[in-house]
Amino acid sequence: MSRLVSLAAAALSLALPLSAATMSAARAQSPDHGHAHLIWFVEAEQFELRHSAHGESFAWDVHAWIGTDDWKLLLKSEGALPTGGPLEEAEAQLVYSWRVSDFWDAYAGLRYDHRPAPERGFAAFGMSGMAPWFIEVDATAFVSHKGEISARVEAEYDLYITQNLVLQPLVEVNLSAQNVRERGIGAGISDVELGLRLRYEIEREFAPYVGVSWERKLFRTASYARDEGESSGELALVAGVRFRF
Amino acid sequence: MFRSLVVASALAAIPFVVVPLSAASAAPGHAPLPFGQAVPASQAKRTVTITMKDSLYEPKSVTVKAGEVVRFVIVNKGELLHEFALGRPEDHVEHQKMMATMMDHGMITATAIDREKMKMDHGAGMHSHGPESGSVLVEPGKRAELTWKFAQTATLQFACTIPGHYELGMVGEFRFQ
Amino acid sequence: MDTILNRRTALKLAAGAAGAAGIYAVYPGRRAFAAASEYNLAVEKGRITVDGISSRAKMMGGSVPAPTLRWREGEEVVIYATNRMDEPTSIHWHGLLLVGVMDGAPGFNGYVAIQPGETYTYRFRLRQSGTYWYHSHSAMQEQMGMYGAIVIAPKNGEKAAADRDYVVVLSDHTREDPRRVFANLKADPGYYNRGKRTLMDFFRDTKRDGLDATLKDRQDWAEMRMDPTDLADVTGYAFLVNGKGPEDNWTALFAPGERVRLRIVNASAMSFFDVRIPGLPMTIMAADGQDVQPVRVDEFRFGVGETYDVMVMPREDRAYTFFAEPIDRSGYARATLAPRAGMAGEIPALRPRTVLTMADMGMAHGGMDHGGMDHSSMGHGAPADAGKADHSTMDHSKMGHDKMDHSKMGHDKMDHSKMGHGGMQQGGMQHAMPASPSKSSTPPDRAVGWGDAGTRPGEKALAYADLRSARKNDDARAPTQEIEVRLNGIMERYMWNINGRPFGHDEAIRVKYGERVRIRYVNTTMMAHPMHLHGMFVELENGQGERMPRKHVTIVPPGQEVSVILTADEPGEWPFHCHLLYHMEAGMMTRFVVGPKEERKAEAK
């Protein structure tokens, strides 16, 4: 059941912009020159199988957007589904973003975590864009419906080895202002993820990849995990495909 | 004697024609070219006026007889520097290269002759230039003369070999009777 | 060879001649006995085949390119443009002087797009002669094939005696839907860049320039979040000559010794070309349809929307290759000049793709007047060591420094620390070196800076400074005001605009009728923009005094300033835009409003 919900969330994330696009019939809609073009895309940053000492899982980080130069409506979804097991993580965000400078967008919206249980709703506020050195940065602050405050910072970089072979280092850090014992989250830096993915762009829109992903729960979050008899870190080999349409 | 006549008449009647200094020193005997030679204007029995425009001649052809002496009065009604040069097509090809070099060296510009540079640069192999070789340069709005005694060749043309002008069609033909 | 449509053919066709129906879509019965100079042009969807590959197209008159319209100066022409598509369309007469509503740009001058099924009647008297072109001015149509040439014969006869006269329309064609192209650019501006700087390039540059210099260079670009390899925005193009791909090999015939006039139109959506005919110098005789004093060149850089008329005189009994390389060297357009059909000349290797420098970012030379400089014949002599900036090997005596206006170079503004000399960058330094007579057959293996086509030493590339109008400029008045036109872009978002405001949110530029103004383009971006003003010619301030060339498109190179002077003698509300179609689409367009004649008269009283 819970699995169905999360899959539905993921499916919705794909379906919404598609229907919008079907209505508009064209990708870059403009009657004459210079009018606001409405553009949409579905992009999967990660769509992969993970293999670690703890088993295998399918993980995704997919978003869809529709918008113009000045604004975008984004539906993001990410999560992990262990092979044969129940859904481990499932999160969806619906945010409205607007351009604030040449390289930066601000956004605000809602986040809903279906897993890990118990479920939570959040208000989300963030910035995303490109820092010098072509580093893509996404930083978000969250306030849950129970008043808990947390934040997430992600950064990634595309290193072109050749015109088609791209190495992408990635780092994600989650922070929390307080302990949320029921969700296994401790105050301070709760966890860090480091990733390194090597993709081959057959087309810009379609790039299979392999890589490694290392996640580590830290400080109190780590001790909560140990208390639950879970491991506090995981090194996984990943293989997947990055795509856009 | 004969040579100095040519130079004198050129200098007197054609003040804007370039007369290479080398003409006086480097052309002993002044051998006729395969298509004839420059002679004093007094020998001419006929005068033909050639009008230059940007970039064509009027008329486009002139009928001559072998051995005939014709005095050409060349009037430049265009806005560019032009040349009236006699020669066979292959002569014009060679002449074009020389003219391109002269332009590179600033001896001529699109509209004028730089006489100072012209004088200085005579080491550069500009011998085949001047009335005695059947060539005069005429600045915009100016006129010049050239008197020529024709020897018959298979094809003889008058042409402007300033870069680009020949390609644009600044060439005319001598028809031998 | 060339799809020629002159008045007589049109009449014949209108009278019902069936044979040419495939070339020229006529709808007889409408005006079977039309007065002289009436034309029917149907706009419809179709397909074109390039090198054996078929793709969708939108076309005028049934072909890509559209039929060449051969007209005569002074005559009045009437064109019935019928829209047989299911979307609105328009036809704009690029470079023609006419009344605003006839200009054919929807939303301007009271002109409304031609709706499906409708026929619009264009009627205007030809006030000029020369080579021009026509194309759709509705979004995403021109790049699908809606372009063709216009040849207007001078009323007093051609000045140059050509034995042959050919129209050569260059274009770029992709099978991708232009809307998809635009969306891709919006989502990922580097989408089409297959010449990105890679780790491999880093190693190569380190080996050549040293680690420090290479790091420094990478740092400079990275801090700006700019990519010095971004030259063309869009790739995947087939480059066409008269609608034919390189394999199709469009051929123009000549007899050795004949004068062949080529009327070359750059009808590309996005592509600047370096155009040459190896072994055959070209004499430039007109630029943008306007006669210039002849200049003999080996190649020229060709901006989108420009036209050049050149005369060539092939003397040998052999095939010559007409070769146009886009500046990102992602392919080539090729045609053949040959004494007989079916011949092919040697196809030269593509020359190196240039890498932009800080100078192209306007970082190096504050107010340098590049207009008066001869970039073209820079003759990058010692290729392998060019990066080392070994000035001792440069022949300064030939550099023609006297032509350089050092006072304008603003050396004090140069931030050498940022220039990373080790890694680069003679691009900004080797100006004004006239073609030296030394012939070297070794082509440079590397090109540095936007202006560097990789011209061989001793060969001459046309520079804007070489263009000199055949007739004196009509208006000797000094400009009374200067209008700054800033060309801006945010590459990361694929947003482009004029003066900070994209079209739709733009503020019109307004001048009085009869006013003489200077337009000063300031390119703050790292791409060149071919700026097109409808309805009037501007005079390019290229140092030619009273013989400034008259242009309808002006290339403004990356990071540079270029100024033009305009006598605003055509009242109306004219489109003013970058002719790179996706830049225009993204907002690089505004209105240039010339006040009514009456206003001027009223003021005079």
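Which residue stands opposite C:Arg72 in E9(C)? In this predicted model, the partner is C:Ala153. The strand that holds this partner, E9 of chain C, spans residues 147-153. Strand E9 of chain C is mostly covered, with six of its seven residues buried. Two neighbouring pairings were examined. On one hand, strand E4 of chain C, residues 66-72, runs parallel to E9(C), and five bridges join the two. On the other, strand E8 of chain C, residues 130-135, runs antiparallel to E9(C) and is joined to it by six bridges. Within the E8 pairing, C:Gly130 has C:Ile152 as its bridge partner in E9(C).

Chain A was considered next. Chain A has 245 residues, of which 28% are buried. Its secondary structure comprises two helices and 13 strands. Of the contacts in chain A between residues at least 6 apart in sequence, 45% join residues at least 24 apart. Confidence varies along the chain. The mean pLDDT of chain A is 87, and 85% of its residues reach 70 or more. Residues 1-27 of chain A, however, stay under 50 in pLDDT. For this stretch of chain A the model has 44 contacts beyond four places in sequence. Where pLDDT is low, predicted coordinates should not be read in detail.

Chain A also touches chain C. The interface involves 24 residues of chain A and 31 residues of chain C. On the chain A side, strand E1 (39-52) and strand E9 (159-160) each supply at least two residues. The chain A residues that touch chain C include 12 nonpolar, seven polar and five charged ones.

A:Ile161 offers a local view. This residue lies in the loop between E9 and strand E10 (165-176) of chain A. A:Ile161 touches C:Thr198, C:Leu199 and C:Met200, as well as A:Val166 and A:Leu167, when residues up to four places away in sequence are not counted. Is A:Ile161 buried or exposed? Neither label applies: A:Ile161 counts as partly exposed, because it has 14 C-beta neighbours inside 10 Å, whereas a buried residue needs 20 or more and an exposed one 12 or fewer. A:Leu198 is 37 residues away from A:Ile161 in sequence, and their C-alpha atoms are 9.7 Å apart.

Backbone geometry was then surveyed. Most residues other than glycine have a negative phi, and most peptide bonds are trans. Exceptions occur in chains B and C. The peptide bond from B:Asp54 to B:Ser55 is cis, with omega near -10°. B:Ser55 sits in the loop between strand E2 (46-53) and strand E3 (56-58) of chain B. A cis peptide bond also joins B:Glu58 to B:Pro59, where omega is about -5°. B:Pro59 falls in the loop between E3 and strand E4 (61-64) of chain B.

In chain C, two residues other than glycine have a positive phi. C:Asp51 has a phi of about 50°, and phi of C:Asn242 is near 50°. C:Asp51 is found in the loop between strand E2 (38-50) and strand E3 (53-60) of chain C. C:Asn242 lies in the loop between strand E11 (238-241) and strand E12 (250-253) of chain C. Their surroundings were also computed. C:Asp51 has 12 other C-beta atoms within 10 Å, so it is exposed. C:Asn242 has 25 other C-beta atoms within 10 Å, so it is buried.

Methods: Residues numbered from 1 in each chain as written. Chains lettered and ligands numbered in written order. Predicted model: local features only at pLDDT ≥ 70, side-chain atom pairs only at ≥ 80, totals over all residues. Helix = DSSP H or I, 4+ residues; strand = E, 2+ residues; numbered from the N terminus. Contact = placed C-beta atoms within 7 Å. Nonpolar A, V, L, I, M, F, W, Y, C, P; charged D, E, K, R; others polar. Pairing = 2+ DSSP bridges. pLDDT = per-residue confidence, 0-100.
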